[in-house]
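This report covers surface patches and annotated repeats. The sequence and structure follow.

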Amino acid sequence: MDKPQIILHSQKSVNYTVFDVKWIPTSAKFISLGNHARGTGALDIFEITHGDITVVSQNEKPSAFKCGTFGASPTRERRHLATGNFDGYIQVWDLEKLDKPIYSVKGHKEIINAIDGVGGLGVGEGAPEIATASRDGRVHIWDTRQADLPVASMEPAESETKRDCWSVCFGNAFNSSERIVGAGYDNGDVKLFDLRSMSLRWETNIKNGVCCLEFDRKDIEMNKLVATTLESKIHVFDMKTQHSEKGFASVVEKAHDSTVWLGRHLPQNRDVFMTCGGSGSYYLWKYNYPEQRFKTQTDKTVVGVAGSLALLQNISLSSQPASAFDWSLDKLGLACTSAFDQTVRVLITTKLNTV
Amino acid sequence: MTSEYERKLIDMQYQMRENNSYLTDYLKDLNSWTDDIKKKEENLKTTANSTSTIKELPPVRNFVVPPRPKKKSKKNNSSTKTSSIRSFDYRAWDKFNVDEACAQIDNEQQEKEDDNNNEEDDGDADEEDEEWQEEVLKKKGEYYKDCGNYHFKQKQYTEAIESYTKAIECNPICPIYFANRAQCQLFEQRYGACEADCTLAIQLDENYLKAYYRRALARVEMEKFDQAREDLQYILAREPSNADAKTKLAEVNKKDEIKRLGRIYPLQDKPIDKRSTKPLKRIEIQEIDTSIISISETTKKKAIIIEEMDTDPKSSESIIPSISSVLPSPSTIITATTPLSVQSKKPTTIEKPPTKSIPIPTAIPTTGFQFKRDWLNLNNQIEQQAIYLKRIPPKSYKTIFSTGIDSSVFSRILLLWSNETTIDEHLLNSMYEIRLTPRFNTQLSFLGSDDKKLLETILQKLENKCSSTDKVQTILRDYKID
């Protein structure tokens, strides 16, 4: 019983559907983004105090929010939240002045499904950039210094059918010029775009719609990529070695008995991640590396070798799917989560330092 | 069974207790942490207000200056082509609304009219649009150049060349694209294309030294050494400290030399250990002036003329100066030989071409062989032989003439002695020593009449001069002939 324990610390119910929760860096607060029944957006700030969650502020905005990120916040002092909403607007908010966004652009024709930021919070090099994925099949990259137009954009060709892009993530940002954007689509496509050479680096199809895509770390040379899909599948790709035909090696795990909505890596340990399922269950995994991460084949090419996943712990907290999950950057094991049962919860995971 | 069950129970209870303790520890920790972090947050807020350190950020990706919104909208209207629906795209045709399309076409026509009316505005707008277009093209060019550089680093030279070509299409006045393409072509060994590209780059920018260097490299490979040298010298004139140019120039010169003179190889049959370790160098052969031989031939003819004129001293005298004038170095031998030969009526000596005076060997002979060799070399040059003989110390006569004196040598020596004007110590000594050579008496008895006469004159001179000493007495006694 040396396994880490996942314990519910506290919970709070709200009167709107919560789509995303995110910790505010360098604080004991977190924000929740959601959609009121009347169609307006909700942006609430909560704080944990001595075993309870207290509401700090509640804001209502004209349009419902779908997702948000602090990843492109320039510094830790000035916390800028980038959000995507149901009307296709990308907005950046300064938490000190929430009455008006500091940057707003109608980036997409349809709902923005996912958003990710890189280069902010003093982590990594290069300019802070935001990536958005939308139902109109496009992935746009934004820089807050340029208004109206995306800095880069990945679109399907004109005659091709547009597939919903469900998730987006940044990775491989180990210097100021290198960036890779991963995009997951509803038909199971996973595409990696290299922003430096503006080309498609790799693509594959994992048969089921990709709900969440995440690199284990954004600011290092790409190491692992987790893709969680419909039909309770979790794919972990080893991104160190790319073969010209076979691409990247991967390991597949089945869990949750339902759609796996999210996969989130622990900021303090990149081999540990939590997956959240459609049945309200949370699974804590550890990735074990193989003895040799690559092997040379008979035709002298090098192909990667995937490792194995070990389930550390699991817990079921609600009957509804978990819509959001976020590890705290400042405290090991502290996490906030939300589910479609209109509650926000704070979880504690013990013994993570001995994992 | 029960003990196991109990044990398990105990274990579980222990675990639960442990977990609880962990949890309580964690919660305590959490509480303290929340307090800490709240304080930190407060500090951050205050510091954020006071200081604002802005990090140096790289420029926005793919940055292009957007045009003014008014113009942009106009431009969009004019440039948006109604994307024609492909014939196989059935879904799109299903959605195609005919009435709407007609209305749109009507609108476009109206807009065009509007545009024509607003020509004054358009004048400026066009210019701005052009500038904007140029900027876009420049950015595109830079982008293709970056692609090219990326391919170049990956050693994919054909792709790099393609990228640079695209860059040139976008922006044909930037010399950097040409020079980069030239470098790729160097690696692809397309030297002609490389040279052409470098020339273009230089036309765009005279001071682009890289382009000169690459052109020189291409020219070297094409064996156009003179032109390569020109390029390198131009670079060195601009940048004297350029080490690459210097080494390349040395290489060019060496290759040029090899081309002109051909490679130099050692002899085939020379053993390897005896061959030279230093690199072989070609030495040009110089022909020495052969004019002496021709001169001697002409004088030969002149000598024949003398003979025909017989013993006419005047004519011979007149001819002698002419001979001496022809010869570059008039030697005293000629003057000596010709009167003698005239007197003795021996045309052979006149006929004999007066040879160039052979220098007296500097080394004093120590053996008979050396003496003989030198003596024969000197041949009939009496003066020289006299000087040569005088050099030899008389004491060494014994070793030199250890096998006896030759009769010809002896007669010559007698002649030399008779020519001596004064009887000196050296002469006495030499005479003294010579009589000690083996078979001296036989030589004496076999002397010719002329030689005997010479000897008599020498002895008489001796007697007259100083007959008192023992040495002289012995000489007189031994050399006496009856």
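Helices (H or I, at least four residues) and strands (E, at least two) are DSSP runs, numbered from the N terminus. This is a predicted model, in which local features need pLDDT of at least 70, side-chain atom pairs count only at pLDDT 80 or more, and totals for chains, interfaces and linings use all residues. Residues are numbered from 1 along each chain as its sequence is written, chains are lettered from A and ligands numbered from 1 in the order in which they are written, and side-chain values use heavy atoms, with hydrogens and water left out.

**Annotated repeats**

In unreviewed entries, UniProt places "repeat: TPR" at residues 141–174 and 209–242 of chain B and "repeat: WD" at residues 130–152 of chain A. Such annotations may be inferred rather than shown by experiment.

| Segment | Helix | Strand | Distance between end C-alpha atoms |
|---|---|---|---|
| Residues 141–174, chain B | 79% | 0% | 9 Å |
| Residues 209–242, chain B | 79% | 0% | 10 Å |
| Residues 130–152, chain A | 0% | 43% | 10 Å |

**Surface patches**

Patches are made of residues with over 30% relative accessible area and no salt bridge, like charges being joined within 9 Å and nonpolar side chains (Val, Leu, Ile, Met, Phe, Trp, Tyr) within 5 Å. A salt bridge is a side-chain nitrogen of Lys or Arg within 4 Å of a carboxyl oxygen of Asp or Glu.

On the surface, E130(B), E131(B), E134(B) and E135(B) make up a patch of negative charge. E130(B) belongs to helix α5 (residues 119–153) of chain B and is exposed, at 55% relative accessible area. Exposed means over 50%, buried under 20%, and partly exposed in between (1.4 Å probe, protein chains only).

A nonpolar surface patch comprises Y90(B), W93(B), F96(B) and V98(B), with about 450 Å² of accessible area together. F96(B) sits in the loop between α3 (90–95) and α4 (98–117) of chain B, and is partly exposed, with a relative accessible area of 37%.

Note on methods
Areas by Shrake-Rupley, 256 points an atom, 1.4 Å probe, with all protein chains shown as cover. Lys, Arg positive; Asp, Glu negative; His and termini not counted. Charge placed at Lys NZ, Arg CZ, Asp CG, Glu CD.
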